[in-house]
Amino acid sequence: MKTLQDALDDEHFYICLKPEKEDGKWLGGVEITALVSDNHGLEPSELEDILHILHMICASVPLYESDKDVRDKAYKLVEKAFEETGQDAEYLFGDDYDEEETDASPHLVHEGTVIKVDFGVKN
């Protein structure tokens with residue numbers, strides 16, 4: 001019999017969500033767990049970088065709870081992707097979804113001894 005552990009790839013990093021329940025009913029929260037194999041094949045510095053990304057992804061859930069603007073931006077990104085590709089597709093970062101090209105680098109404006117930094121964020 002194939003177990004869940006057999007199905008997991010050693011080189012993959014997994015985020016597991018467990019619904020918080022009481023009397024069989026979901027309370028609206030989730031327990032977030034990161035699963036990492038000891039056989040990931042990364043150097044210590046590479047592992048540190050990947051784990052940092054993994055923890056940032058996990059931290060997004062409490063961030064959504066505390067910052068309505070961030071939650072709304074993420075919600076709209078997912079909704080747009082669903083509309084364009086359907087819910088069964090690799091909707092967020094797959095080949096079927098082309099995110100609008102943006103220049104993430106700030107625009108610097110020099111005015112004498114003052115440097116203004118414009119990140120292009122529109123509110």
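A disulfide is a pair of cysteine sulfur atoms within 2.5 Å. Keep that cut-off at hand for the cysteine stop of this tour, which runs through a predicted model.

**Whole chain**

Start with the whole chain coloured by secondary structure. Three helices and four strands should appear, and from one end of the sequence to the other they run α-β-β-α-α-β-β. Then colour by burial: of the 123 residues in the chain, 9% are buried.

**Cysteines**

Select Cys 16 and Cys 58 and show their sulfur atoms. How many disulfides does the structure hold? The count is zero. Cys 16 takes part in none, and the cysteine sulfur nearest to its own, that of Cys 58, lies 9.4 Å away. Seen from the other side, the closest cysteine sulfur to that of Cys 58 is in Cys 16, and because the gap is 9.4 Å, it is too far for a bond. The surroundings of the two residues can be checked next. Cys 16 is partly exposed, with a relative accessible area of 30%, whereas Cys 58 is buried, at 15%.

**Nonpolar patch**

Now switch on the surface and select Ile 15, Leu 17, Ile 50, Ile 53 and Ile 57. Together these residues make a nonpolar surface patch with about 430 Å² of accessible area. Which elements each supply at least two residues of the patch? They are β1 (13-22) and α2. The largest contribution comes from α2, which gives three residues. For a single member, centre on Ile 57: this residue sits in helix α2 and counts as partly exposed because its relative accessibility is 45%.

**Loop between β1 and β2**

Move on to Asp 23, which is placed in the loop between β1 and β2. Select its backbone and read off phi. The angle is positive, about 55 degrees, although Asp 23 is not a glycine. Most residues other than glycine have a negative phi. Is Asp 23 buried or exposed? At 75% relative accessibility, Asp 23 counts as exposed.

**Loop between β2 and α2**

Two residues are worth selecting in this loop. One is Ser 37, found between β2 and α2. With 17% relative accessibility, Ser 37 counts as buried. Add Phe 13 to the selection and draw the C-alpha to C-alpha distance: Ser 37 and Phe 13 are 7.5 Å apart in space, with their positions 24 residues apart in sequence.

The other is Asp 38, also in the loop that joins β2 (25-36) to α2 (44-66). Asp 38 counts as exposed, at 76% relative accessibility.

**Negative patch**

Keep Asp 38 selected and add Asp 9, Asp 10 and Glu 11. These four residues form a negative patch on the surface.

**Salt bridge in α3**

For the last stop, select Lys 68 and Asp 72 and show their side chains. Side chains of opposite charge can pair when their charged atoms come close. A search of the whole structure finds one salt bridge, and the pair to look at is Lys 68 with Asp 72, whose closest N and O atoms are 2.7 Å apart. Where do the two partners lie? Both belong to helix α3 (residues 68-85), where four residues, about one turn of the helix, set them apart. Asp 72 is partly exposed, its relative accessible area being 25%.

Conventions. Residues are numbered from 1 along each chain as its sequence is written. This is a predicted model: local features need pLDDT of at least 70, side-chain atom pairs count only at pLDDT 80 or more; totals for chains, interfaces and linings use all residues. Side-chain values use heavy atoms; hydrogens and water are left out. Patches are made of residues with over 30% relative accessible area and no salt bridge: like charges are joined within 9 Å, nonpolar side chains (Val, Leu, Ile, Met, Phe, Trp, Tyr) within 5 Å. Accessible areas come from the Shrake-Rupley method with a 1.4 Å probe; for residues, only the protein chains shown count as cover. Lys and Arg count as positive and Asp and Glu as negative; His and the chain ends are not counted. The place of a charge is taken as NZ of Lys, CZ of Arg, CG of Asp or CD of Glu. Buried means under 20% relative accessible area, exposed over 50%, partly exposed in between (1.4 Å probe, protein chains only).
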